[in-house]
Amino acid sequence: MLSRDLENLPGYELVSKGVDDLARGASSREALLVSIDASRLREGGIPIPPRERLPSEPELQLYRLLCRERPEDAYSFYSSLLERLISFEFALDDFNRTSRPTSS
């Protein structure tokens, strides 16, 4: 479960569901998306399971899943999911930078 302090970040709903699904061992669209950039999210303070518990080749698995679910627009939907993940990461970086106490 992600901190409620992050709720207003773009893409929060995707990352939050992905984190929850990964913790349960589910291979959802959101879990695969979070797995794509797990190390960066982990560095930003997001509770991501260890690498050995993550799906292998999450980019490929996510794209294949989308091809089955949405064959007519799988690529554009895949791209939009990645853009939302990146937006979340940039917003998380800003959040972490501004919420850290400054030393005097």
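Arginine 70 comes out as partly exposed in this predicted model, with a relative accessible area of 24%. Its salt-bridge partner is aspartate 73, and the closest N and O atoms of the two sit 2.7 Å apart. Aspartate 73 is also partly exposed, at 21% relative accessibility.

That pair belongs to a wider set: ten salt bridges turn up when the whole structure is searched. Another one joins aspartate 93 to arginine 40, with 2.6 Å between the closest N and O atoms. Here the link spans distant parts of the chain, since aspartate 93 lies in helix H5 (residues 74–99) and arginine 40 in helix H3 (residues 38–43), 53 residues apart. Aspartate 93 has a relative accessible area of 29%, so it counts as partly exposed. Arginine 40, at 26%, is partly exposed as well.

Helix H1 (residues 12–24) holds a salt bridge of its own, between lysine 17 and aspartate 21. The closest N and O atoms of this pair are 2.6 Å apart. Because the two residues are four places apart in the helix, about one helical turn separates them. Lysine 17 is partly exposed at 37% relative accessibility, whereas aspartate 21 is buried at 2%. Both take part in a network of salt bridges that also takes in Arg24 and Glu30.

Away from the charged pairs, there is serine 35 in helix H2 (residues 29–36). With a relative accessible area of 7%, serine 35 is buried. Its side chain reaches the backbone oxygen of alanine 31 at 2.8 Å. Beyond its neighbours within four places in sequence, serine 35 touches Leu22, Leu54, Pro55 and Pro58.

How values were computed. Residues numbered from 1 in each chain as written. Predicted model: local features only at pLDDT ≥ 70, side-chain atom pairs only at ≥ 80, totals over all residues. Heavy atoms only, no water. Buried < 20%, exposed > 50% of the residue type's maximum accessible area, 1.4 Å probe, protein only. Polar contact = N/O pair within 3.5 Å; in protein donor to acceptor, adjacent residues only side chain to side chain. Contact = heavy atoms within 4.5 Å. Salt bridge = Lys/Arg side-chain N within 4 Å of Asp/Glu carboxyl O.
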